[in-house]
Structures are given as structure tokens and as C-alpha cells.
Amino acid sequence: AQIDSLCTGNLGENIFLNGSLGRGNTLTLENDPMIAPGYQYLPYLPNDGQYTITQNVEDLFPPQTWINVIDAGGDSLGYFLIFNASYEPGIFYEQVVTGLCPNTLYEFSVEVVNLIALEVSDHIDPNLTFYLDTMEVYSTGNVPRSEHWEKYGLSFTTGPNQTSVTLSVRNNAPGGAGNDLAMDNISFRPCVPGTSITSSDVDMQYTCPKDTNIIISASIPSGWNIKWQFSTDSVTWVDYLNDVTTFQF
């Protein structure tokens with residue numbers, strides 16, 4: 001697969017439907033989601049080699065060496081992952097994504113926060129590597145103690161016959177004092193290069209009888225095709241034309 005930086009165009013819907021981890025009315029989730037190889041799930045404060053899914057750090061672990069964190073989207077009822085790293089570096093997150101289109105550009109990204117407070121000394125910072133299947137594709141280096149969520153990820157093009165991929169994240173730093181992190185908004189989205197649409201209709205309303213012979217044009221990068229659709233109710237959309245950048249109606 002061809003590997004690039006984060007998508008610079010337009011992102012589609014997240015294929016990984018539970019990537020935001022949802023929301024609820026309890027501080028932690030009771031059941032193990034089975035997404036952390038070699039880690040034990042606890043519905044309360046995790047120790048080394050354990051993880052949990054929670055709504056905030058303060059109620060789980062009153063501030064000592066950790067900072068307080070809530071859901072990356074700012075939702076007080078939203079969930080996110082907390083990992084208390086194992087003593088041995090290794091894979092700590094893994095999911096298989098299916099239903100992919102061959103020869104298609106996707107972005108894999110995740111939001112991460114280093115839980116160690118800025119003023120705490122002699123603590124280890126997390127250091128992550130991302131894998132697609134078994135191929136190492138991106139490393140964060142030491143995740144900074146910025147006390148806010150940081151987005152990390154990459155874009156890649158699927159192979160000619162590829163319809164699935166295994167996403168893995170490895171923690172390169174050892175456990176012990178520090179190396180504690182939170183993750184949220186795990187995202188796997190199709191990436192479409194930036195496009196623009198223009199129209200000969202100045203008011204862009206298309207509502208008056210005089211609006212006839214309107215020309216609509218799309219600017220798209222070389223090598224990409226376009227599909228036009230129309231709708232009379234903004235709910236149901238029907239294919240209109242394929243592979244033309246300009247048409248008149």
C-alpha cells in the first residue's frame with residue numbers, strides 16, 4: 001500500500017462505526033470490548049498492563065500524576081480509552097476493518113493524550129507505532145505532555161484486490177512509572193482530494209422558472225472521476241451523470 005500523511009482533501013464517513021466509543025450514563029463501561037491484545041480490562045482504575053473505557057479521569061483517578069481528561073469531542077458523557085502500559089513494549093490495540101474498496105485512498109487516525117502531568121518528573125512518555133496488517137507505517141515519537149488531545153495518523157491506498165486491513169497500535173515505551181495514555185476518535189475514512197463546484201446561476205438557488213440552461217462545473221484532480229446525483233427532497237438521491245466535469249440543464 002502507498003503511505004502518505006494525513007488526508008488533505010475531503011473525508012467520508014467513518015467506516016469504523018464504534019471509533020468514538022459512544023456515550024452513556026455510567027463512569028466506565030462494564031464489559032471488555034476485546035480490543036487490547038494482552039491487556040486486562042477493568043471497569044475502574046487500571047494498573048500496569050490493564051485498560052478501561054471511561055468518561056473522565058478526575059472521577060476515576062483524582063489528580064496526582066495524571067491530568068484530568070474528558071472525551072476528545074468535549075462530550076461529558078462520551079467514552080474514551082485509558083491504557084496503563086504494560087512493562088513490556090508491544091501491541092496494545094488491534095481491530096480488523098472490512099468492506100474496503102480496492103485502489104482507494106483512506107485515512108487512519110486516532111486522537112491521543114499523554115496523561116502524565118507536565119510538572120511530574122522521572123515518568124516515561126508514551127511512544128506509539130501504527131501498523132497496517134503487519135507493516136509498520138507511522139511512529140509518533142514521544143507523545144508530548146501538551147495536556148490536550150493530539151491527532152496522529154496517515155493515509156494509504158488499498159491494493160488492487162484489498163477489501164480489509166488489520167489496524168494495530170504498538171507502545172514502544174516500557175511500563176512502570178508513567179507511559180499512561182488515553183485514546184479516542186479512532187477513525188478510518190475514505191479520503192477524496194479537494195474539489196470545487198461552480199455554477200453559472202449567480203444566486204445559486206435554482207428555484208425560479210427563469211433559471212434555465214444552467215451550467216454546473218466541477219474541478220477535480222487528474223486521475224479522479226465524478227458522479228453527479230440529483231434529489232427532489234434532499235433525502236433520496238439518484239445518479240444523474242457519470243465521468244463528466246461539466247453539464248447543462
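How exposed is Asp 75, in terms of relative accessible area? Asp 75 is partly exposed, at 24%. This is a predicted model, and that aspartate is a handy way into its charged pairs.

## Salt bridges

There are 3 salt bridges in the count. Here they are side by side, with the N to O distance for each.

| Basic residue | Acidic residue | N to O distance |
|---|---|---|
| Arg 23 | Asp 75 | 2.7 Å |
| Lys 151 | Glu 107 | 3.5 Å |
| Arg 145 | Asp 125 | 2.7 Å |

Start with Arg 23 and Asp 75, whose side chains meet at 2.7 Å. Arg 23 sits in the loop between β2 (10–11) and β3 (40–41), and Asp 75 in the loop between α1 (57–60) and β5 (80–84), so this salt bridge ties together parts that are 52 residues apart in sequence. On the arginine side, Arg 23 is exposed, with a relative accessible area of 54%. Its partner Asp 75, as said above, is partly exposed.

Next up is Lys 151 with Glu 107, a salt bridge with 3.5 Å from N to O. This one runs from strand to strand: Lys 151 belongs to β10 (residues 150–157) and Glu 107 to β7 (residues 105–114), and the two are 44 residues apart. What about burial here? Glu 107 is buried, with a relative accessible area of 2%, while Lys 151 has 43% and counts as partly exposed.

That leaves Asp 125 and Arg 145, with their closest N and O atoms 2.7 Å apart. Both ends of this pair are in loops: Asp 125 in the one between β7 and β8 (127–132), Arg 145 in the one between β9 (135–142) and β10, so the salt bridge joins parts that are 20 residues apart in sequence. Asp 125 is partly exposed at 21% relative accessible area, and Arg 145 is buried at 17%.

## A buried aspartate without a partner

Which side chain of opposite charge is nearest to Asp 180? It's Arg 145, and the distance is 9.2 Å. A salt bridge needs the nitrogen and oxygen within 4 Å, so a gap like that doesn't qualify. Asp 180 is therefore left buried with no salt bridge. Arg 145, for its part, pairs with Asp 125.

Asp 180 is found in strand β12, which covers residues 180–192. So what does Asp 180 touch, leaving aside residues up to four places away in sequence? The neighbours include Trp 66, Phe 83, Ala 85, Val 113, Leu 115, Ile 116 and Pro 126. Asn 84 and Asn 114 are also among the residues that Asp 180 contacts.

## The disulfide

Strand β12 turns up again in the cysteines. The count comes to 1 disulfide, formed by Cys 7 and Cys 191 with their sulfur atoms 2.0 Å apart. The pair links distant parts of the chain: Cys 7 is in the loop between β1 (2–4) and β2, Cys 191 is in strand β12, and 184 residues separate them in sequence. The torsion about the S-S bond is about 80°, so the disulfide is right-handed. Both Cys 7 and Cys 191 are buried. As for another cysteine, Cys 101 has 42% relative accessibility and counts as partly exposed.

## Positive phi angles

Two acidic residues are worth a look in a Ramachandran plot. Asp 122 has phi near 60°, a positive value in a residue other than glycine. Asp 122 lies in the loop between β7 and β8 and, at 74% relative accessibility, counts as exposed.

Glu 147 has phi near 65°, again positive in a residue that isn't glycine. Look for Glu 147 in the loop between β9 and β10. With 40% relative accessibility, Glu 147 counts as partly exposed.

## A nonpolar patch on the surface

Which residues make the nonpolar surface patch of about 330 Å²? They are Phe 230, Val 238, Tyr 240 and Leu 241. Strand β16 (residues 238–242) gives the most to this patch, contributing 3 residues. Val 238 is in that strand, and at 41% relative accessibility Val 238 counts as partly exposed.

Methods
Residues are numbered from 1 along each chain as its sequence is written. This is a predicted model: local features need pLDDT of at least 70, side-chain atom pairs count only at pLDDT 80 or more; totals for chains, interfaces and linings use all residues. Side-chain values use heavy atoms; hydrogens and water are left out. Helices (H or I, at least four residues) and strands (E, at least two) are DSSP runs, numbered from the N terminus. Buried means under 20% relative accessible area, exposed over 50%, partly exposed in between (1.4 Å probe, protein chains only). Lys and Arg count as positive and Asp and Glu as negative; His and the chain ends are not counted. Contact means heavy atoms within 4.5 Å. A disulfide is a pair of cysteine sulfur atoms within 2.5 Å. Patches are made of residues with over 30% relative accessible area and no salt bridge: like charges are joined within 9 Å, nonpolar side chains (Val, Leu, Ile, Met, Phe, Trp, Tyr) within 5 Å. Accessible areas come from the Shrake-Rupley method with a 1.4 Å probe; for residues, only the protein chains shown count as cover.
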